[in-house]
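Got the viewer open? Let's take a walk through the model, one selection at a time.

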Amino acid sequence: MKLLSKSFIKQISLIVSVLFLSITAYTQVSMSITGNYNIATFDLQNNFQNGYGATAEIFYNFHDSPFMASLSFSTNSFRATSEYEAQMKEYQNDAVDLNYQIHTLVTPIHLAADYHFFREKKLQVLMGIGLGLNIVTDKVKQVGQYTSDYTKDIQYYFGVNPHFGLIYQFEKDLGVLLKTGCNRSLGGNNVSYADIRLGLIYKI
């Protein structure tokens with residue numbers, strides 16, 4: 001089930017871009033890069049292992065306010081369990097001997113609102129929720145002795161990401177970001193996971 005059309009996604013992307021450009025003059029801008037460890041949950045954990053990924057996020061801290069907004073782009077990969085890949089091989093019953101490599105790639109593009117506690121301290125706390133687009137790409141690769149082929153299916157879902165984070169500001173413009181949350185794709189297959197992100201955050 002594809003929940004969001006491509007034309008609708010383009011319209012929303014344009015609105016979000018204009019919105020963020022308009023508020024830049026009123027905010028302190030920071031950027032973070034993190035590595036992600038992802039724990040498969042709900043339906044995803046039935047057939048897939050835990051995964052890895054990376055996230056880039058731009059934060060907009062409103063002057064004299066504990067509220068902040070952010071725009072994030074993330075990519076996360078999950079490999080199917082060996083049991084699930086063996087079941088796929090048995091189910092297909094190919095004429096030639098083929099092994100299956102199955103991956104699901106989840107690419108969330110989210111707009112988030114956070115409450116920023118202790119923003120003037122070295123140790124700071126974030127708590128909020130992100131909403132946006134989850135692009136889910138299912139890849140099935142068929143590998144044989146003399147051949148290799150794959151199929152790909154892309155679906156678009158509405159994504160929700162409640163989260164909690166810690167920032168340790170060890171320099172004036174540079175800190176460490178630890179963030180954890182749950183990313184849920186609503187509708188169709190329940191492609192959901194909990195993530196733990198660790199990386200650097202820098203004031204631009």
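Which residue in S5 does Ile 102 stand opposite? Select Ile 102 and look across: the residue opposite is Val 140 in S5. Before going on, keep in mind that this model is predicted.

**Stop 1: the whole chain**

Switch to a cartoon view. You should find three helices and eight strands, and from the N terminus on they run α-β-α-β-β-α-β-β-β-β-β. Of the 204 residues, 40% count as buried. Now turn on the surface: the chain exposes about 11600 Å², with carbon and sulfur atoms supplying 62% of that. As for contacts between residues at least 6 apart in sequence, 63% of them join residues at least 24 apart.

**Stop 2: the S4 and S5 hairpin**

Go back to where we started and select 99-117 for S4 and 123-143 for S5. These two strands pair in the antiparallel sense, over 19 bridges. Five residues sit between the strands of this hairpin, and Phe 118 takes a positive phi near 55° there. Keep Phe 118 selected and add Phe 67, Tyr 115 and Phe 117: together they form one aromatic cluster.

**Stop 3: the largest nonpolar core**

Next, show side chains for Leu 44, Phe 48, Phe 78, Ile 102 and Val 106. In the largest nonpolar core, which has 15 residues, these five touch the most other members. Strands S4 and S5 each supply at least two residues of this core, and S4 gives the most, with three. A second, separate core has six residues; among them are Phe 59, Leu 126, Leu 177 and Ile 201. As general background, nonpolar side chains in soluble globular proteins tend to be buried together.

Now centre on Phe 78. What is in contact with Phe 78, beyond its neighbours within four places in sequence? The list includes Leu 44, Phe 48, Ile 102, Val 106 and Tyr 193, along with Asn 38, Gln 49 and His 103.

**Stop 4: two ring pairs**

There are six aromatic pairs to find in this model. Begin with Phe 48 and Tyr 84, a tilted pair at 6.1 Å centre to centre with 50° between the planes. The two residues are 36 apart in the chain: Phe 48 is in the loop between helix H2 (44-47) and strand S2 (51-62), while Tyr 84 belongs to helix H3 (residues 82-92). Are the two partners buried or exposed? Phe 48 counts as buried because its relative accessibility is 13%, whereas Tyr 84, at 23%, counts as partly exposed.

Then pick Phe 78 and Tyr 193. Their ring centres are 5.2 Å apart and the planes meet at 55°, so this pair is tilted. Phe 78 comes from strand S3 (residues 67-79) and Tyr 193 from strand S8 (residues 192-203), 115 residues apart. Both Phe 78 and Tyr 193 are buried.

**Stop 5: a histidine in S6**

For the last stop, select His 163 in strand S6 (residues 148-168). Why does His 163 count as buried? Its relative accessibility is 7%, and the cut-off for buried is under 20%. Look for its polar partners: the side chains of His 163 and Asp 114 are joined by a polar contact of 2.7 Å. In addition, a polar atom of the His 163 side chain lies 2.9 Å from the backbone oxygen of Asn 161. Leaving aside neighbours within four places in sequence, His 163 also has contacts that include Ala 112, Leu 126, Met 127, Ile 129, Lys 179 and Thr 180.

Key: Residues are numbered from 1 along each chain as its sequence is written. This is a predicted model: local features need pLDDT of at least 70, side-chain atom pairs count only at pLDDT 80 or more; totals for chains, interfaces and linings use all residues. Side-chain values use heavy atoms; hydrogens and water are left out. A nonpolar core is a set of buried Ala, Val, Leu, Ile, Met, Phe, Trp, Tyr and Cys residues joined through side-chain atoms within 4.5 Å. Buried means under 20% relative accessible area, exposed over 50%, partly exposed in between (1.4 Å probe, protein chains only). Helices (H or I, at least four residues) and strands (E, at least two) are DSSP runs, numbered from the N terminus. Contact means heavy atoms within 4.5 Å. Accessible areas come from the Shrake-Rupley method with a 1.4 Å probe; for residues, only the protein chains shown count as cover. A polar contact is a pair of N or O atoms within 3.5 Å; within protein, one must be able to donate a hydrogen and the other to accept it, and residues adjacent in sequence count only if both atoms are side-chain atoms. Two strands pair if DSSP finds at least two bridges between them. Rings of Phe, Tyr and Trp (its six-membered ring) pair if their centres lie within 6.5 Å; planes under 30 degrees apart count as stacked, over 60 as edge-to-face and the rest as tilted.
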